[in-house]
Each structure stands twice: as structure tokens, then as C-alpha cells.
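Trainee: Before the terms are applied, I should like to see the model itself. Please show it.

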Amino acid sequence: MIRSLIILLMMGATSAVLKYKLNNGRDMPGIALGSYLGFDEQGIVHSSNKQLRDVILRAIELGYRHFDSASLYETEPEIGEAIRMKIEEGEIRREDAFVTTKLWVTQHRREQVPVALKSSLKNMGLDYVDLYLMHWPIAVNEDYTYVDVDYMDTWKGMEDALNQGLTKAIGVSNFNRTQLMRLLDEGSVRPAVLQIENHPQITEQELVNFAQKEGITVMGYSPLGSLVPRYGMQLPGPKMDDPILVEIARKYGKTVPQVVLRWLVDRKLVPVTKTVKVQRLKENIDIFDFSLTAEEIGKINKFDEHKRFTIPSFWQDYPNYPFEKIENPVQNPFVAIKMAKVTPYPSMSYSTRNKFEFARFSGEDENHINKKLPKELLLRILSYLDVVSLCRCAQVSKLWNILALDGSNWQRIDLFDFQRDVEGSVIENISHRCGGFLRQLSLRGCESIADGSMKTLAQSCPNIEDLNLNKCKKVTDHTCQALGRRCSKLQRINLDSCPSVTDISLKALSDGCPLLTHVNVSWCQSISENGVEALARSCPKLKSFICRGCKNVNDRAVSCLATFCVDLEVLNVQGCDNLTDDSISKLGGAMRRLCLSGCTRLTDTSLCALAAKCPDLVTLELAQCAQLTDAGFQALARSCRMLERMDLEECVLITDTTLVHLAMGCPRLEKLTLSHCELITDYGIKQLSMSPCAAEHLTVLGLDNCPLVTDGALEHLISCHNLQLIELYDCQMVTRNAIRKLRNHLPNIKVHAYFAPVTPPVAGGGARPRYCRCCNII
């Protein structure tokens with residue numbers, strides 16, 4: 001008891017640590033203590049005589065609650081031991097500590113991720129971590145040679161770890177903006193945190209602004225930059241005696257490092273500090289009793305010269321390398337270091353303590369291609385492409401100057417950015433250059449691409465697995481016939497908005513591509529049940545079939561998919577208004593994401609069948625299914641407890657009873673759209689706001705054109721701490737004052753509202769007039 005009182009008195013000398021609300025609703029302490037101890041000639045430096053454990057114990061006494069580690073650092077056991085000791089002593093609870101660790105690059109396959117985290121948890125002796133980060137977007141084998149594992153596959157593994165309860169939040173480290181955007185677009189779970197190098201010499205303000213705008217909290221490692229020596233060397237940049245920093249420090253009675261750490265905090269970043277000295281521990285956390293002015297922040301920003309101190313340039317020829325390339329990258333040290341039993345990670349930093357390590361950073365090594373070929377011969381090889389095509393290839397893959405020898409590493413190419421400018425000759429050149437090595441090609445929006453170049457691609461690239469032809473409007477059945485004859489390994493094909501594609505294409509693909517798992521033929525309006533049946537019978541591994549706007553798809557087509565494709569997880573039949581309950585009732589238990597929007601003939605029979613056969617549904621879209629009632633949703637809510645996203649727009653017969661059932665039966669609900677559900681009232685919103693999903697998960701709620709919703713509904717939603725967006729177009733009984741009050745309690749929420757003139761009385765019969773969604777964010 002006396003010891004606890006002493007600790008409280010010691011903490012009283014330090015102002016309360018700021019906390020950030022993550023996008024999953026959990027709190028993160030505003031400063032972290034890093035645990036990477038560096039390296040020497042023998043590899044990773046390990047804590048001796050429990051030194052790190054004792055530092056963590058003292059840090060907890062000083063008020064630290066956030067501890068940053070990684071499987072690579074080999075510091076997890078002592079962090080876990082210190083936390084467990086303080087819990088046993090009754091000085092903290094497990095929920096008081098925020099533990100971050102990271103996935104290393106050798107464990108990026110989806111199935112490896114949960115296993116890796118379980119290993120980290122075993123090391124720490126904890127049941128879960130608070131945050132699990134993907135350390136780098138790059139994957140390598142155990143021997144540190146490159147392996148073609150997409151970081152989106154790794155992210156699915158991160159999501160698996162989250163769903164298994166091994167971590168409370170997931171995020172990424174060392175990702176650039178493009179990679180982060182892809183995570184947001186393609187991932188099922190938004191990253192909660194981005195950890196990047198951040199100090200006065202590299203502010204990364206554009207990336208920081210983007211992440212924060214998307215609700216992603218940013219952590220900054222190496223926050224002191226050149227202020228302190230790194231691996232025994234002084235690096236160029238501002239030092240402790242810099243007059244600008246000294247002047248600011250004197251003004252507040254602080255040290256220069258405290259000013260720089262506060263500079264990160266005032267930019268809403270979480271600094272990851274690192275020290276084993278007690279005095280520095282005290283100084284680093286004592287930064288929450290003052291704030292810098294905008295002028296002072298601007299002065300420190302002027303040190304920015306986009307200078308990194310962590311540069312793994314030996315990875316820069318890998319497709320997912322996140323940083324700018326340097327002119328003379330160092331050789332890949334991993335294999336040599338592994339043989340020498342020296343940890344490779346330190347080579348990402350500027351220098352080391354010995355000449356051998358320093359030589360690897362000197363940048364004197366030539367590019368591999370220059371070692372193999374004289375410049376004259378290299379230019380002759382590159383001259384095979386015309387200038388325009390060569391520039392396009394340079395933009396498609398920044399590795400072109402190395403890979404242009406034979407294209408053997410061009411396994412993934414995305415030409416989307418060039419759209420109509422990409423002509424057939426570019427595809428033919430890529431086909432000849434890459435040959436059998438090409439696995440993935442995206443030509444989304446390349447409207448000039450026609451059958452001739454695609455036939456060349458099919459002939460030259462028989463190992464293609466993923467092909468995106470979205471909006472390639474000149475592509476016809478001849479392309480799919482060529483693919484069917486040549487590309488037997490094809491697994492994914494996107495023919496969205498290719499209007500000339502017919503059943504002939506699906507029959508050709510079904511004959512020659514039995515491994516197909518994902519097919520998208522949206523808005524190919526000539527597709528009918530004949531093509532879908534052929535595909536279903538010949539491609540039993542099909543997991544995703546999307547045919548939005550295919551009016552000729554009927555019950556027979558969906559019944560064939562349900563019968564022959566037992567692993568079907570995704571089905572989108574939006575606008576296929578010939579479908580009835582008969583086919584939907586046959587869908588099997590593998591279904592996860594189902595879109596039935598615009599299938600106006602469906603009734604509660606479909607919902608009851610889904611409840612009985614598809615208990616693992618995650619997404620269900622039912623917009624414009626106007627015959628559905630409360631009874632159907634009652635059955636659905638009783639069985640489908642995994643539901644996260646529902647679109648019930650224009651399900652005009654449902655009432656507050658549906659919301660009561662969803663509140664009780666769907667604890668994971670994140671996004672719910674109730675637009676034009678005109679019988680919904682404040683009572684239903686109240687029931688929803690008191691449900692488990694509202695407290696933990698609900699982020700988006702659409703209430704457009706719900707005329708009975710009033711200010712009272714917004715009062716109830718104040719308790720939904722994770723709510724990020726609410727749509728209130730033409731909710732005429734909601735006032736601006738209620739919206740302001742909601743924002744006062746939920747400052748990060750976006751409210752979309754349109755205050756239309758009062759709807760005049762309807763002169764005759766007919767439905768209530770509806771207003772368009774004029775986007776006016778108030």
C-alpha cells in the first residue's frame with residue numbers, strides 16, 4: 001500500500017498522459033516506450049541481467065503504459081514479465097497496459113500470421129496484445145530470399161488474428177500512402193495505426209494528414225532523429241545545441257528532446273521513445289504540461305528535408321518496397337548475415353560500430369544490372385520498346401531498369417493509371433518480355449485494348465492467374481476463347497462492363513480454366529443462365545461470382561451456382577430482378593457476402609432460408625427489396641450473429657421491430673443503412689443504441705428520408721462512441737442544434753444532412769416525394 005502511494009506521488013509530478021481514441025473505439029496512450037536495444041557484431045543486443053525488465057518496471061512507476069516491441073527485437077519476454085509483475089503487485093490491471101508488437105517479414109503468409117502472434121503471446125505470457133502491426137509490406141523466405149506474398153494476403157492473416165481475439169487492434173508499419181490506400185480499399189478491417197519514421201528531418205506531413213483523415217492514428221519512431229547518435233555515429237542534421245530548438249526549450253523550461261517530442265504530440269502523433277536511463281524516462285514522459293504554438297511548430301517543420309535514417313535499400317528491387325529508391329543501393333545482406341549469424345535488421349539504419357557494417361551503407365555498390373552488362377548493350381536491350389511504352393513501363397513498375405533484361409520478375413503489373421492511352425502494342429511488348437512469369441495483370445479502364453493484343457497475351461503468358469479487364473469495352477468473346485485455350489491456371493477474371501462479352505465467354509472459360517475462383521461479369525447484359533450453368537458445372541472451386549445488372553440471370557443460374565459451387569462465399573446479383581425465393585433458398589453455408597439489392601420479387605421466405613442455411617453471413621445487401629418484413633429479419637437476426645454490414649434501403653415495410661431484433665441478435669453490426677425506411681422511429685434507434693454492436697462496432701448509420709426520426713434519435717446515438725458517419729438527408733424533424741450536440745459528444749463524426757423545404761401535402765395518391773442526396777456536410 002505504501003509502495004502504491006509512493007508511485008502515485010511520483011506520477012503526480014508528471015502531467016497525465018494524453019490518450020488517443022483508435023478507430024475501433026479503444027484508447028491508446030499518447031507516448032510509447034520502444035524496446036529495440038540495437039545490435040553489435042554478434043547480432044541483436046539482448047538485455048543482460050533483466051535490465052530491460054527493470055526499465056519497464058520503472059517506466060510503469062513513472063506513468064508509462066504503452067510499450068512497443070516486435071518479434072525481431074527479442075524483447076517480448078521481458079516486457080511481458082514486467083507487466084505481469086506489476087499486475088500481480090496490484091499496481092496496474094492488464095487493461096491499463098497497452099502492448100504493441102510486430103509481425104516479421106519471414107512470416108507473411110496468411111496462415112503464418114496468427115501462429116506468429118501466438119508465439120509472441122507465449123513469449124510475453126499474455127492472452128492478447130493491444131496492437132499488432134505488420135512490420136514491413138515486404139515478404140521474404142526463412143533464408144531471407146524474396147517470396148511473392150502480397151501484403152493484402154498478409155493483411156487477411158492480420159484480420160484472422162483480430163477475429164481470433166489474439167489482438168485488440170491491427171495496423172501497419174513502414175507503409176506508404178499508395179499501400180495504405182489499397183488496404184483501405186480492399187481490406188475488410190481498416191488499420192487502426194500506422195507507424196512510420198518521423199522526426200524533424202522527415203515530417204511525412206502529407207502521409208500523416210491522409211492517415212489521420214482516414215481515422216488512422218500515427219505513431220512516429222526515431223522521433224529525435226539526428227539529435228542523438230545512432231550506432232555510435234553523429235548523423236547530419238540539427239543537434240542538441242541548435243539555436244532554434246534551444247530558444248523554444250528555454251521558453252518552456254524544457255529540454256530540446258522534450259520540445260521535439262512535444263512537436264510530434266502537437267501534430268497528433270504518438271512518439272515511440274527509447275532509453276534505458278531513468279532520468280531520460282522521466283524527461284520523455286514529462287511533455288504533457290505545455291504546447292507549442294503554430295509558429296514554433298512551423299519553425300521545426302523547416303528542418304524537413306525528407307531524410308530517412310532507416311533505409312532498407314537492399315529491398316528496393318522488391319515490388320512492395322515502400323520508399324524512394326536510392327541511386328546506389330547496398331547489396332542484400334540477409335543471406336551473408338544469416339551465414340555469419342548476425343541479425344540483418346540493423347542494416348536498415350545508417351551505420352554500425354565497425355567498418356564491415358559501415359561499408360554496407362556506403363552506397364558504393366553498383367546496381368546488379370550494371371555488373372552484368374555494359375551500358376551500350378543495356379541500351380540496346382531497352383531500345384526494344386519505343387519511348388512511350390518504356391516510360392509507361394517505368395511508371396508501372398519502378399523496377400523496370402533492372403527487370404527489363406527479360407521481365408522474369410514482372411509477375412504483377414497494373415496499367416490502370418493510363419486508361420485509354422494504353423494501346424495494344426504495350427500489352428504485346430509486356431507479353432513477349434514477361435512470358436510465363438506474368439501472374440497478375442490489371443488493365444482496368446484501358447478502353448483501347450482489343451482482342452488482338454489479348455490473344456498475344458494468352459499465347460505468351462500461359463501462367464496468368466489474375467486478369468482484370470474492367471471497362472475494356474473492345475474486348476469480346478474472342479479474348480475469353482483465347483484464354484480458355486491457353487491459360488489453364490487462370491483463377492480470377494474481371495470482365496465488369498465489357499458489353500460484348502456473352503455466354504460464349506463463360507463457356508470458353510469453363511472449358512479451359514477449371515481453377516477459376518473469382519468471376520465478375522457485371523453489366524455484361526448478354527450473360528444468361530446458359531453461361532452461368534456451364535461455368536458452375538466446370539468450375540467447382542468458384543468462391544465469388546458477381547453479375548450486377550445482368551437482367552437475364554434467373555433462378556436456374558443461381559440454383560446451379562448453389563448446387564455445383566459448394567464453396568461459394570460471395571454472390572452479387574444486384575438488379576437481377578427475375579430472381580425469386582426458390583433459388584435464394586438453395587444457397588449454402590459457405591456464403592459470407594450476399595448482395596440481393598434490386599431483386600424485388602424476394603419475400604421473407606428468402607430471409608428465413610438464409611437464416612437456416614447461411615449462419616456465417618457477414619454482409620447482406622437488400623436495397624429495394626420492398627416485400628421484406630419484420631418477421632423475416634427476426635429469423636435472420638436469431639441465426640446470423642456474424643453480420644457486420646446491412647443495406648436495407650427502401651425496405652419500406654420494416655418497422656422498429658426489425659431494429660430490436662438486430663440489436664439483440666447481431667452484436668458485430670458495423671454499417672447499417674435504413675434509407676427510405678419510413679416507419680422507423682426514435683424508439684428503434686434507441687434500441688439499436690443500447691445494443692452490444694452500438695457500444696463496440698457501429699460506425700456508419702444511414703437514416704436518409706426517415707421522416708419519423710427526430711432529435712431524440714440523435715440523443716440516443718451519443719452513446720455510440722465508434723460512430724463515424726451518419727446520413728440524415730431529408731430527415732425534416734432533425735434540427736441543426738441536435739446535430740451540433742451530437743458533434744460535441746462525438747467530435748470525429750461526419751454528419752451528412754440536407755435540410756429541404758417542408759414537403760407539401762400530397763395532392764393525390766402515391767408515395768411520399770423523395771429528395772435527392774445533395775451532398776451538404778454541415
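Mentor: The discussion below takes strand pairing, burial and salt bridges in turn.

Mentor: This is a predicted model, in which local features need pLDDT of at least 70, side-chain atom pairs count only at pLDDT 80 or more, and totals for chains, interfaces and linings use all residues. Residues are numbered from 1 along each chain as its sequence is written, and side-chain values use heavy atoms, with hydrogens and water left out.

Trainee: What makes strand 10 and strand 11 a pair?

Mentor: Strands are DSSP runs of E with at least two residues, helices are runs of H or I with at least four, and both are numbered from the N terminus. Two strands pair if DSSP finds at least two bridges between them. Strand 10 (residues 193-197) and strand 11 are joined by five bridges and run parallel, so they pair. Among the partners, Val193 is matched with Thr217 in strand 11.

Trainee: Which sense and how many bridges relate strand 11 to strand 12?

Mentor: Strand 12 (residues 269-273) pairs with strand 11 in the parallel sense over four bridges. Here Gly220 stands opposite Pro271 of strand 12.

Trainee: Why is the unit of strand 10, helix 7 and strand 11 called right-handed?

Mentor: A crossover is right-handed if, with the strands pointing away from the viewer, the path from the first strand over the helix to the second runs clockwise. Strand 10, helix 7 (residues 205-213) and strand 11 make a β-α-β unit of that hand.

Trainee: Is strand 11 (residues 217-221) mostly covered or mostly uncovered?

Mentor: Mostly covered: five of its five residues are buried, that is, under 20% relative accessible area, against over 50% for exposed and partly exposed in between (1.4 Å probe, protein chains only). Thr217, Met219 and Tyr221 point one way and Val218 and Gly220 the other.

Trainee: Why is the contact of Arg537 with Glu533 called a salt bridge?

Mentor: The term requires a side-chain nitrogen of Lys or Arg within 4 Å of a carboxyl oxygen of Asp or Glu. The closest N and O atoms of Arg537 and Glu533 are 3.0 Å apart, so the criterion is met. Both residues lie in helix 22 (residues 529-538), four residues apart, about one turn of the helix.

Trainee: Why does Glu533 count as buried?

Mentor: Its relative accessibility is 12%, so Glu533 falls under the cut-off for burial.

Trainee: What is the N to O distance between Lys741 and Glu715?

Mentor: The distance is 2.7 Å, and the two side chains meet in a salt bridge. This pair links distant parts of the chain, with Lys741 in helix 31 (residues 736-745) and Glu715 in helix 30 (residues 711-717), 26 residues apart. Lys741 has 36% relative accessibility and is therefore partly exposed.
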